[in-house]
Amino acid sequence: MQKNILITGGAGFIGSNLAETLLADERVGTVRVLDNLSNGHRKNIAPFLDRSDFEFVEGDIRDFDTCLAACKDMHLVSHQAALGSVPRSIKDPRTSNDVNIGGTLNIFKAAEESGINKVVFAASSSTYGDSKALPKREDVIGSPISPYAVTKLVCELYAQVFSTLYDFNYIGLRYFNVFGPKQDPNGPYAAVVPLFVKAIMEDKAPLMHGDGLQSRDFTYVGNAVEANVKALFATRPDAWNEVYNVAVGERTTILDLFNMLKETSGSSLNPTFGPTRQGDVKHSLADISKAKNYLGYDPSFSIKDGLEIAFKWYKAQYLAKTI
Ligand SMILES: NC(=O)c1ccc[n+]([C@@H]2O[C@H](COP(=O)([O-])OP(=O)(O)OC[C@H]3O[C@@H](n4cnc5c(N)ncnc54)[C@H](O)[C@@H]3O)[C@@H](O)[C@H]2O)c1
């Protein structure tokens, strides 16, 4: 039987890439997106709007009735909606809390009340907080160092508690710095890859926070989508009610990231350096063996391949002035 899947936040970066992949999967019936377009864009889902197996509901996960209506006739939920960005959560922790915690609680409860007993949700590597251990293993976390990290940790706690109280199974995917096509380069909370590409396209020196030697496990969105699909269709019972790192398992400094983009684009720009950002961790690197073992996750894209695909996509958008 084909599965109908609700994707919250499906007009956003990761959610819209996931929607595209699920729509091409023969195991999937209808894909329904619930998004309030606060940070996502209609253009991200425009190619699917005319399809009979795609539905778009413009609505807010902070409203429980909206969540209930969105769950109707669905078999699985992929919960991606949230307000991302550490700096945003420092500036306005209350709104991040309302959306990320209140909204997640609504989606979990609406799924449970609708008889949907499998929910995959976007967790975050920020949950590792101040833990200095490298590589990051799922069972060793520190204390959160930003309101955003608190919200993502609380989502994991709610998922765990729901799985013990109700007929509710979850998989939490702790993404590590995902990048790729459709990630927004505009606005005050844009992520580093689209910001660097924007700088290159506009021939303006990019700003690096700190010395540029902070490192991240940059993950091409195709890998994050693969993890989501593997999770949604996970058949091993012991794969459920667990959280997993979603990354490549390689560490790249911000300086090296920029140099890779320079090579890909042929740019000769050099960065400028500014103060370090509050709430940022210095190094991040994932151990991905748990996702490999339980979900059969096997990231297909290296960071270099991903950067090449992403740069090509952004360049086409800038040339067409659609970004
Ligand atoms: N991109 C990353 O590197 C990364 C890393 C760790 C975790 N995550 C998590 O992954 C998920 C997807 O992130 P993304 O990078 O695609 O971000 P995104 O901002 O592009 O997508 C999030 C989507 O959620 C929607 N949304 C926000 N508030 C909403 C609300 N109240 N009701 C309905 N929809 C709402 C936005 O409009 C947007 O389309 C988020 O939960 C994020 O916290 C992302």
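Helices (H or I, at least four residues) and strands (E, at least two) are DSSP runs here, numbered from the N terminus. What you have is a predicted model, where local features need pLDDT of at least 70, side-chain atom pairs count only at pLDDT 80 or more, and totals for chains, interfaces and linings use all residues. Residue numbers start from 1 along each chain as its sequence is written.

Let's start with the sheet. Seven strands form an open sheet in the order β3-β2-β1-β4-β5-β6-β11, and the pairing is parallel; two strands pair if DSSP finds at least two bridges between them. At the edges sit β3 (54-58) and β11, each of which pairs on one side only. Neighbouring strands are turned by 20° against each other on average, ignoring direction. Zoom in on β5 and β6: they run parallel and are joined by seven bridges, and Val-120 has Ile-171 in β6 standing opposite.

Now for the helices that lie across those strands. Helix α1 (residues 13-23) crosses β1 (3-8), β2 (28-35), β3, β4 (76-79) and β5, at about 165° to β2. Likewise, α8 lies across β1, β4, β5, β6 and β11, running at about 170° to β6. For these angles, axes are lines fitted to C-alpha atoms, for helices over the stretch in contact, and the angles run from 0 to 180 degrees between N-to-C directions. Contact means that the C-beta atoms of two residues, placed from the backbone, lie within 7 Å.

Helix α6 (residues 147-165) passes a quick length check: at 1.5 Å a residue, its 19 residues should span 27 Å, and its end C-alpha atoms are indeed 27 Å apart. That expected span is 1.5 Å times one less than the number of residues. Its buried residues include Pro-147, Tyr-148, Leu-153 and Phe-162. A residue is buried if 20 or more other C-beta atoms (placed from the backbone) lie within 10 Å of its own, exposed if 12 or fewer, and partly exposed in between. The cover over the buried part of α6 includes α4 (86-91), α5 (93-113), β5 (118-124) and β6 (169-175).

Finally, some backbone oddities. Most residues other than glycine have a negative phi, and most peptide bonds are trans. The bond from Leu-134 to Pro-135 is cis, with omega near -5°, and Pro-135 sits in the loop between β5 and α6. Lys-182, in the loop between β7 (178-179) and α7 (192-202), has a positive phi near 80°. It is buried, with 24 other C-beta atoms within 10 Å. Asn-241, in the loop between α8 (221-232) and β11 (242-246), has a positive phi near 60°, but counts as partly exposed because it has 16 C-beta neighbours inside 10 Å.
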